[in-house]
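Reader: I should like to go through the terms applied to this structure and the grounds for each. Please set each value against its criterion.

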Amino acid sequence: MDMKIELLKKIITDNRRLISRIEYVERDIILDDNLNYVFVGLRQAGKSYLMYQRIHQLLRDGHQMDEIVYVNLDDERLFDITLDDLDSILQAHYQLNDCKPIIFLDEIQNIPHWEHFARRLANEQYRVYLTGSNAKMLSSEVATTLGGRYMIQEVYPYSLVEYLKANNLILKNNWEYDSEIVNHIQRIFPSYFYYGGFPESVRLVEKRSWLSVLFQKIFLGDLIARYKVRNETSLKLLVKKMSESINQPSSFNRLANIVSSAGQKIQTSTVIDYVRFMEDSWLLFSMSNYAAKFAEKESSKKYYFRDNGILNLFLIDSETSLLENRVAIELKKHFFDEVYFYNKNVEVDFYVPSQECLIQVAYSIANAETRNREVSSLLKVAKHLNAKRLLIITYNEEQTIEVNDKVVEIVPLWKWLLCDKSY
């Protein structure tokens, strides 16, 4: 008797029962029935629940639970599984059921060279869904091995719509005209703004404590252990300093100097490695200066965190940074790497060329000097780039300003996140 196959039969059977009973919030993610997928993103962003959602969709479409093979490769019972063992998953299913399985493998990056097994499954016409928390899964080598057989689906923590849904508030048509619903949104929104959209944290009272534990898992597991980082203190200090620099471009030299001046001597080459590790673990993403020369585009970027809750762990006066970070996340989700900041004599926070849109972020523009500065910057850059849409995103202020032939829309963040946007 093959004990590994027997264990996998038990795991597959137990997971079928678990998934049939599980409750989840329907994500606003549409998947093509004819494609295989790799779900990637930050730890706890909701990749597993997206798998559960997909399984329930398949069941509603007429598939049977006996077709479903879900295995979480983070399961401690499978700590010693290797590439050679992955075929045992198929053997276990066929010993249980006489039908072709639909395969869901969670945290596949735990298995070295997993992509070869994934390619074989696709070649043999299995329908396959995979998840992983390491952007190295998308390296050119892995992409070459997969050979276009899988679609990559980035999974972020909840959008505001999904967060409201998780709080039992489902928006209907014309909700923005219902003052009771608007008031309800504004009561819920601060929790989302400060603590982010990780699905498991939604109903927790001690959200900050949960986020702190999550960051430790990311830091120790996805950074220190995975990349064999020896100087743990320097890396943690770098994360903190980057969190404090959300509003400004950061060169690798500058970051090395900041960390070194805080008492942790670090080389620029090490900072480059550490930043890459953080991006590969989905903790951070970057944006380049549209106005910079090519070399500067690569060496001096703005860095943002993939969820406000993690960022907020490191900040004291957090509002302005959290506001800009949340706008950056939304733009990144929609436009990937085609979002920039603009800095050449005058600075604008975001530029989306495909939408001819410039965006400034200001927590409040109640002060006339602040309002004039933000509007002036938008108008100057808009003239140079011929941008058509100009936005100032605030925390909770709304207004329209007309200057000459230009319209500047001032929109509160919560409303911008919820309304249909042409950007």
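Reader: Which residues in helix 7 meet which residues in helix 14?

Author: In this predicted model, Tyr192, Phe193 and Tyr194 of helix 7 meet Glu319, Leu322, Leu323 and Arg326 of helix 14. By class, five of the residues in this contact are nonpolar, none is polar and two are charged.

Reader: Why is helix 7 called roughly perpendicular to helix 14?

Author: Helix 7 (residues 179–195) and helix 14 (residues 319–335) pack at about 90 degrees, with their axes 9 Å apart. Angles of 65 to 115 degrees count as roughly perpendicular, and helix 7 is therefore described in that way relative to helix 14.

Reader: What makes helix 9 and helix 11 roughly perpendicular to each other?

Author: The angle between helix 9 (residues 232–243) and helix 11 (residues 268–280) is about 70 degrees, and their axes are 11 Å apart. The range for this term is 65 to 115 degrees, so the two helices are roughly perpendicular. Helix 9 contributes Ser234, Leu235, Leu238, Val239 and Met242 to the contact, and helix 11 contributes Val271, Tyr274, Val275 and Met278. Eight of these residues are nonpolar, one is polar and none is charged.

Reader: Why is the aromatic pair of phenylalanine 189 and tyrosine 395 called tilted?

Author: The ring centres are 5.7 Å apart and the planes differ by 40 degrees. Centres must lie within 6.5 Å for a pair, while planes under 30 degrees apart would be stacked and over 60 edge-to-face, so the remaining term, tilted, applies. Phenylalanine 189 belongs to helix 7 and tyrosine 395 to the loop between strand 12 and strand 13, so the pair ties together parts 206 residues apart in sequence. Both residues are buried. They also belong to one aromatic cluster, together with Tyr163, Tyr192, Phe193, Tyr194 and Tyr363.

Reader: Why does isoleucine 89 count as buried?

Author: Its relative accessibility is 2%, and buried means under 20%, so isoleucine 89 meets the criterion. Isoleucine 89 is placed in helix 3 (residues 87–96). Leaving aside neighbours within four places in sequence, isoleucine 89 is in contact with Leu8, Ile12, Val69, Val71 and Leu105.

Reader: How do you know that the charged end of lysine 236 sits over the ring of phenylalanine 219?

Author: The charged end of lysine 236 is 5.0 Å from the centre of that ring. The distance criterion is within 6 Å, and a position within 35 degrees of the ring normal is also required. The charged end of lysine 302 likewise sits over the ring of phenylalanine 341, at 5.3 Å from its centre.

Note on methods
Residues numbered from 1 in each chain as written. Predicted model: local features only at pLDDT ≥ 70, side-chain atom pairs only at ≥ 80, totals over all residues. Heavy atoms only, no water. Axes fitted to C-alpha atoms, helices over the stretch in contact; angles between N-to-C directions. Helix = DSSP H or I, 4+ residues; strand = E, 2+ residues; numbered from the N terminus. Parallel < 35°, antiparallel > 145°, perpendicular 65-115°, else oblique. Contact = heavy atoms within 4.5 Å. Nonpolar A, V, L, I, M, F, W, Y, C, P; charged D, E, K, R; others polar. Buried < 20%, exposed > 50% of the residue type's maximum accessible area, 1.4 Å probe, protein only. Phe/Tyr/Trp six-rings, centres within 6.5 Å; stacked < 30°, edge-to-face > 60°.
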